[in-house]
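Grab a viewer and work through these short exercises. Each one comes with a worked solution.

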Amino acid sequence: MPENRSETPEDTAGRQRVSPPETDAERRRRRARFLRELAEARELRDRVQPRRAKVARLRHAMRMRTFRW
């Protein structure tokens with residue numbers, strides 16, 4: 001009967017993934033893509049739930065008015 005080996009946390013604890021260090025340009029591109037997707041998701045949510053979006057906008061405006069610099 002063949003032995004069914006699955007990696008346990010002990011097996012993977014000593015090994016790390018070897019990858020070249022990320023450059024600043026790659027990090028900025030990845031961050032820009034993430035922020036674009038986040039904005040797109042927010043716009044979609046606002047279209048699907050307009051009342052909740054309006055309440056969130058009003059709440060944010062109130063928070064900004066009462067914020068002390």
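Nonpolar patches here are built from residues with over 30% relative accessible area and no salt bridge, with nonpolar side chains joined within 5 Å. Keep in mind that this is a predicted model.

**Exercise 1.** Find the nonpolar patch on the surface and give its accessible area.

*Solution.* Step one: go to helix α2, where Phe34 sits. Step two: add the partners, and you get Phe34, Leu35 and Leu38 as the patch. Step three: read off the area, about 260 Å² for these residues together.

**Exercise 2.** Which residues gather in a patch of positive charge on the surface?

*Solution.* Start with Arg27, which lies in helix α2, residues 24-48. Next, check the cut-off: a patch residue needs over 30% relative accessible area, and Arg27 passes because its value is 39%, partly exposed. Then collect the rest: Arg27, Arg28, Arg29 and Arg31 make up the positive patch.

**Exercise 3.** How many salt bridges does a search of the whole structure find, and which side chains meet?

*Solution.* The search turns up one salt bridge. Glu22 and Arg30 are the pair, at 2.9 Å from N to O. As for exposure, Glu22 is partly exposed at 41% relative accessible area, and Arg30 is partly exposed too, at 44%. Side chains of opposite charge can pair when their charged atoms come close.

**Exercise 4.** Which element has the lowest mean pLDDT, and which the highest?

*Solution.* First, the overall picture: the chain averages 82, and 72% of the residues score at least 70. Now by element: helix α1 (residues 9-13) is lowest at 53, while α2 is highest at 95. Where pLDDT is low, don't read the predicted coordinates in detail.

Key:
Residues numbered from 1 in each chain as written. Predicted model: local features only at pLDDT ≥ 70, side-chain atom pairs only at ≥ 80, totals over all residues. Heavy atoms only, no water. Patch = residues over 30% accessible without salt bridge, like charges linked within 9 Å, V, L, I, M, F, W, Y side chains within 5 Å. Areas by Shrake-Rupley, 256 points an atom, 1.4 Å probe, with all protein chains shown as cover. Salt bridge = Lys/Arg side-chain N within 4 Å of Asp/Glu carboxyl O. Lys, Arg positive; Asp, Glu negative; His and termini not counted. Charge placed at Lys NZ, Arg CZ, Asp CG, Glu CD. Helix = DSSP H or I, 4+ residues; strand = E, 2+ residues; numbered from the N terminus. Buried < 20%, exposed > 50% of the residue type's maximum accessible area, 1.4 Å probe, protein only. pLDDT = per-residue confidence, 0-100.
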